[in-house]
Structure formats: structure tokens, C-alpha cells
Amino acid sequence: MRPVVDVLRRVPFTASVVAVMLVVGVATGSLWTEASAQPWYGQVAFGVPAFEEGRWWTPVTGAFLAFVPVAYLPMTGSFALFVGAAEWLRGTRFAVVAAVVSHLGAVLLSVLLLLVLRETGWEWAVRVAGTVDVGFSAGALAVGAVVSASLPQPWRGRVRLGLGLYVVASFVFLGSLADVEHLVAGVAGLAVGVRADRVPRREVAVLAVVSAVVVTAVGFGLGAVLPAQSPLGDNTHVSTVLTGVVVSLVVGWSLAFGGPHLPLRKELR
């Protein structure tokens, strides 16, 4: 048990938040029942409706909940991984500030973005602006994106590309409120941590092939398993999926490596 205790001493903030998430899950019963179906859910979840109705406290109360029991696994896991890594590498003060600011920023910027897009009459934006969400995943993801710049190559490029592709693909293929928050958080986190590196040609080729295959498979898989009206349209249509694949690859690579030109040009000549 000593190694476990030593790790917990290095990441007290991360361990405490994960513990609170689980305690709240037990206290509310959301660890085994669907929180979004409970009568109190609307009072603690955040989103455009919450702010329009004056529920300013929801970014705090909603941070420690998952809307369905199975979502506790990715929520607590991503927080432990990303914020835990930040606390281990950069210290507790950095982790606290980065996680809190990232979470609040992702929630508030997503609300503002949807308020603006809703005024355009865009059907997707109008629909998503009427929903609410819970969880700390966007804040944790932003922290992970910032810390990814501290990783050595080749893992820095791999992790950043994975995060970039994830936030863009989930947005274009599904487009829920959570996906909007993740996109905002990912863009901000990757932008803060951007670094121009020389990446070997072989690594670029491998990443290009793998990312194209994975994103294409994910796009068609989500359309089959989770049909939805995404920002690009019906995700069960082949044309929508193919458009989403192109957008995900172009934007995801740009986010990961700092621009469509990529900071690889010297190595690729």
C-alpha cells in the first residue's frame, strides 16, 4: 500500500475530487440510476437553460455528477489521468487553477457560443441550446491538452493529435452539448500548449494512415450505433460521415501541430 499512499500524497487535489465525485454519486444514487431522469437534475445541470433561468451555481453542482452511471468511468478516469498528470508534473497549485479555470471557461464559452449560433436559426444549435449537461470532463480534457506540450516526442505529437481528432470528431459526428464543451476545451488547451517541433517523416506517415483509418471507422461506427443529427446533418448518411472525416482530419491535425501547414515542413523537404 505504500506506493499507493505515496502517489496520493503527490496528487491530493486529483484524489480528493475523484473521491467527491464517487461520494456524490452514492449520495444521489446516480452511480446506479440515471441522474438525468431525476427530478432534481434540472436544478444542478449547466447549459443555456440554466443560465437563462438564473441557476448560476450549476457549473459547480454539475461538475461532480455524471448523467448516466456508465459515464462515471470516463469522467473519473479522464480527471484522474489528465489532472493527475498535471498535478504530478506541475504541482497542486497549477492543477487546481488549471482545472477550475478550464471547467468554468469551457462551460461559459460553450453557453455563449450556443447563444450566438441559436440566433442564426441553425436547427442543430437551437436544439442543443435547449439541453443541459453535467460533469468535469471538459475541464480535465483542457488540462490534459495543456500538459501534453510537456511530453517528449514522439508521444507529444501522438497525444496532441489524439486529443485534436477526438474533440473535432465527436463534435462533427455527434454534436451534443458535451461535445461542444469538449471542442471548446480542446481548442483552448491545445492552443495554449502549441509547440513547433520537427517530426520525422516516418512518424508523420504512420500518424496520417492511422488517424485516417481510425476516424473513418469511428465515423461510420457512430452513425450505426448512435444515430444523431450532428452539426453536419444526419450522421447515418454516407455523405455526412465522409464530410466529417475530412473536417476531423484537417482541423484535428491543425489543432495538434499548430496550423494546416504543420510545423513539419523542414523535416518533410
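**Exercise 1. A salt bridge between two helices**

Task: State which residue forms a salt bridge with Arg158, and how far apart the closest N and O atoms are.

Solution. In this predicted model, Arg158 forms a salt bridge with Glu203, and the closest N and O atoms are 2.7 Å apart. The next step is to place both partners. Arg158 belongs to helix H10 and Glu203 to helix H12, so the pair ties together parts that are 45 residues apart in sequence. The last step is to assign exposure. Buried means under 20% relative accessible area, exposed means over 50%, and partly exposed is in between. Arg158 has a relative accessible area of 32%, so Arg158 is partly exposed. Glu203, at 14% relative accessibility, counts as buried.

**Exercise 2. The other salt bridges**

Task: Find how many salt bridges the count comes to, and describe the ones that involve Arg118 and Arg55.

Solution. The count comes to three salt bridges. One of them joins Glu52 and Arg118, with the closest N and O atoms 2.7 Å apart. This pair links distant parts of the chain: Glu52 sits in helix H4 (residues 48–52) and Arg118 in helix H7, 66 residues apart. Arg118 has a relative accessible area of 24% and is therefore partly exposed.

Another salt bridge is formed by Arg55 and Glu53, whose closest N and O atoms are 2.4 Å apart. Which partner is buried and which is exposed? Arg55 has 9% relative accessibility, so Arg55 counts as buried. Glu53 has 55% relative accessibility, so Glu53 counts as exposed.

**Exercise 3. The largest pocket**

Task: Describe the largest pocket by its volume, its lining residues and the helices that supply them.

Solution. Start with the volume: the largest pocket holds about 840 Å³ of space. Its lining has 33 residues, and the closest to its centre are Phe67, Ser176, Ala178, Asp179 and His182. Next, look for helices that each supply at least two lining residues. These are H6 (72–90), H8 (123–128), H9 (137–148), H10 (155–173) and H11 (177–192). Finally, sort the lining by class: 20 residues are nonpolar, ten are polar and three are charged.

**Exercise 4. The second largest pocket and a surface patch**

Task: Say which element gives the largest share of the lining of the second largest pocket, and which residues make a nonpolar surface patch.

Solution. The second largest pocket has a volume of about 300 Å³. Among its 16 lining residues, Leu161, Gly162, Leu165, Ser211 and Val214 lie nearest its centre. Two or more residues of this lining come from each of H10 and H12. The largest share, nine residues, comes from H12. By class, the lining of this pocket has eleven nonpolar, three polar and two charged residues.

Now turn to the surface. Val206, Val210, Val214 and Val218 make a nonpolar patch of about 290 Å². To place one member of the patch, note that Val218 is in helix H12 (residues 201–225). Val218 has a relative accessible area of 35% and is therefore partly exposed. Val214 appears in both parts of this exercise: as a member of the patch and as one of the residues nearest the centre of the second largest pocket.

**Exercise 5. Cavities**

Task: Find how many cavities of 30 Å³ or more the structure holds, and describe the lining of the second largest cavity.

Solution. The structure holds two cavities of 30 Å³ or more. The second largest cavity has a volume of about 40 Å³. Its lining includes Phe46, His103, Asp133, Phe136 and Glu181. Helix H7 (92–118) and H9 each supply at least two residues of this lining, and the largest share, three residues, comes from H9. By class, the lining of the second largest cavity divides into five nonpolar, four polar and two charged residues.

**Exercise 6. Two points along the chain**

Task: Locate the cis peptide bond, then give the separation of the C-alpha atoms of Phe94 and Thr120.

Solution. The cis peptide bond joins Gln153 and Pro154, with omega at about 10 degrees. Pro154 lies in the loop between H9 and H10.

For the second part, begin with Phe94, which is found in helix H7. Phe94 is partly exposed, with a relative accessible area of 24%. Thr120 is 26 residues away from Phe94 along the chain, and their C-alpha atoms are separated by 38 Å.

Definitions and conventions: Residues are numbered from 1 along each chain as its sequence is written. This is a predicted model: local features need pLDDT of at least 70, side-chain atom pairs count only at pLDDT 80 or more; totals for chains, interfaces and linings use all residues. Side-chain values use heavy atoms; hydrogens and water are left out. Patches are made of residues with over 30% relative accessible area and no salt bridge: like charges are joined within 9 Å, nonpolar side chains (Val, Leu, Ile, Met, Phe, Trp, Tyr) within 5 Å. Accessible areas come from the Shrake-Rupley method with a 1.4 Å probe; for residues, only the protein chains shown count as cover. A salt bridge is a side-chain nitrogen of Lys or Arg within 4 Å of a carboxyl oxygen of Asp or Glu. Helices (H or I, at least four residues) and strands (E, at least two) are DSSP runs, numbered from the N terminus. Buried means under 20% relative accessible area, exposed over 50%, partly exposed in between (1.4 Å probe, protein chains only). On a 1 Å grid over the protein atoms alone, a cavity is a set of points where a 1.4 Å probe fits but cannot get out, and a pocket is an open set with protein on both sides within 12 Å along at least five of seven lines; lining residues have an atom within 4 Å of a point. Grid points are joined across faces, edges and corners, and a volume is the space filled by probe spheres set on the points. Ala, Val, Leu, Ile, Met, Phe, Trp, Tyr, Cys and Pro count as nonpolar, Asp, Glu, Lys and Arg as charged, and the others, Gly among them, as polar.
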